[in-house]
Amino acid sequence: MLHTVFNVMFTIYNTFIGNLMMEERILMYVITALIWLANLSTIIYTSFIFEDMGFDSIISITIAVIYITILVPSFIFIANYINSEHQQEAALSFIEKRNYK
Amino acid sequence: MQKMRSSGDIKEEKSNTSNHKSLKSRSVSNPLIVVDEDGNYDSHDKLPDDVTQGVRSKNIKPNEKEDKKKDYDSSTTVESSDIISKFEKSEEFMEKKNKLMKSRQEMARCWVMIVFSYFVLRASFIIYPQWEDYEPEIQAVIIVQTVMQIIVFCVTSLSFYSEKYLWVTKWIVYFQSLEMVLSNFDRYLDY
């Protein structure tokens with residue numbers, strides 16, 4: 001359980017740092033989505049015994065799947081938004097610099 | 001040539017100098033902006049005219065400042081992708097962008113080594129001491145993880161050795177994330 005916390009934190013940081021360096025947006029979307037779907041799938045796979053599932057387990061997995069489909073695009077959107085905003089800020093600073101000449 | 005300068009040009013230079021001085025107190029943390037020792041921005045950039053249209057302040061009279069401010073405000077409402085795509089025509093902007101990317105890659109390789117150190121400590125004290133208790137599938141996963149981390153370490157060390165290989169860092173970061181995915185299979189070993 002303790003390792004899962006670190007595991008998820010490292011995955012968040014790694015994909016975020018990777019997204020900051022990746023210039024090809026489509027590639028960034030694909031890689032991040034793949035890593036996160038794989039990560040969450042393995043967590044679900046190793047946390048449940050599928051042969052002996054109760055109602056609560058099914059509801060729990062259903063909620064997890066629904067929120068995976070929300071969280072993964074949100075993470076990509078936020079990472080992309082921060083990156084774009086930083087580049088836009090740099091570009092506008094460049095315009096401002098010209099304004100003072 | 002200097003004798004041929006008009007008095008208007010000299011006034012313009014003075015006003016530009018005062019503008020530069022007013023910038024000295026500005027703190028610039030963005031690596032895309034280069035400020036010299038005197039606090040002045042460099043003037044060697046070559047931007048296309050449509051990028052800076054309406055934002056140059058040469059020969060601005062007091063009454064015209066409001067108009068120029070409006071032009072500047074309207075230029076800031078352009079979509080970021082449009083602005084950046086126009087700036088990509090500027091060699092200097094691209095050079096600064098590459099510098100920013102390089103600083104991010106240098107930060108990323110340090111991060112990769114921190115994550116690698118976590119794997120080494122966990123493998124040394126938790127995973128490998130209990131090696132014989134694992135099922136063959138888990139042992140296979142651990143071997144794959146170890147190989148992946150050795151690759152991560154070798155490639156990252158290579159980027160420390162030579163900056164020529166620094167670009168690999170962005171792929172190594174994702175590669176290490178995949179290793180983290182695999183480590184979900186041995187997470188129950190912690191208790």
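1. Start with helix H7 of chain B and what sits around it. In this predicted model, the buried residues of H7(B) pack against helices from both chains: H1 (2-21) and H2 (25-47) of chain A, plus H5 and H6 (136-161) of chain B. When you turn the structure on your screen, those are the four helices to pick out around H7(B).

2. How much of H7(B) is covered? Mostly covered is the verdict, with 10 of its 14 residues buried. The buried set is B:Thr169, B:Lys170, B:Ile172, B:Val173, B:Tyr174, B:Gln176, B:Ser177, B:Glu179, B:Met180 and B:Val181. Have a look at B:Lys170 and B:Glu179 in that list: both belong to the class counted as charged, and both are buried here.

3. The length of H7(B) works out nicely. From its first C-alpha to its last, this helix of 14 residues reaches 20 Å, close to the 20 Å expected at 1.5 Å a residue.

4. Next, take H6 of chain B. H6(B) has 26 residues and spans 37 Å between its first and last C-alpha, close to an expected 38 Å at 1.5 Å a residue. Its buried residues include B:Ile138, B:Val141, B:Ile142, B:Gln145, B:Met148 and B:Val152. Polar side chains turn up in the buried set too, among them B:Gln139, B:Thr146, B:Gln149, B:Thr156 and B:Ser159. Part of the cover for the buried residues of H6(B) comes from H5 and H7 of chain B.

5. Now for the hole in the middle of this story. How many cavities of 30 Å³ or more are there? The count is one, and the largest cavity holds about 40 Å³ of space. Its lining draws on both chains: A:His3 from chain A, with B:Tyr118, B:Phe119, B:Arg122, B:Gln145, B:Glu179, B:Met180 and B:Ser183 from chain B. Two elements of chain B, H5 (91-127) and H7 (169-182), each give two or more residues to that lining.

6. Which helix gives the most to the lining of the largest cavity? That is H5(B), with three residues. By character, the lining splits into three nonpolar, three polar and two charged residues. You've already met some of the names: B:Glu179 and B:Met180 are in the lining and also buried in H7(B), while B:Gln145 is in the lining and buried in H6(B).

7. Staying with H5 of chain B, find B:Arg104, which sits in that helix. Is B:Arg104 buried or exposed? Its relative accessible area is 9%, and anything under 20% counts as buried, so B:Arg104 is buried. Leaving out residues up to four places away in sequence, B:Arg104 touches A:Leu20, A:Met21, A:Asn83 and A:His86. Those four names carry the letter of chain A, so here is another spot where the two chains are in contact.

8. Zoom out to chain A. It has three helices and zero strands, giving α-α-α along the sequence. Of its 101 residues, 42% are buried. Among its contacts between residues at least 6 apart in sequence, 70% join residues at least 24 apart. The accessible surface is about 5600 Å², with 72% of that belonging to carbon and sulfur atoms.

9. Chain B, to finish. It comes to seven helices and zero strands, and 39% of its 191 residues are buried. For contacts between residues at least 6 apart in sequence, 64% join residues at least 24 apart. About 12000 Å² of chain B is accessible surface, and carbon and sulfur atoms account for 56% of it.

Conventions: Residues numbered from 1 in each chain as written. Chains lettered and ligands numbered in written order. Predicted model: local features only at pLDDT ≥ 70, side-chain atom pairs only at ≥ 80, totals over all residues. Heavy atoms only, no water. 1 Å grid on protein atoms, 1.4 Å probe; cavity = no way out; pocket = protein on both sides within 12 Å on 5 of 7 lines; lining within 4 Å. Points joined across faces, edges and corners; volume = space filled by probe spheres on them. Expected span 1.5 Å × (residues − 1). Buried < 20%, exposed > 50% of the residue type's maximum accessible area, 1.4 Å probe, protein only. Contact = heavy atoms within 4.5 Å. Areas by Shrake-Rupley, 256 points an atom, 1.4 Å probe, with all protein chains shown as cover.
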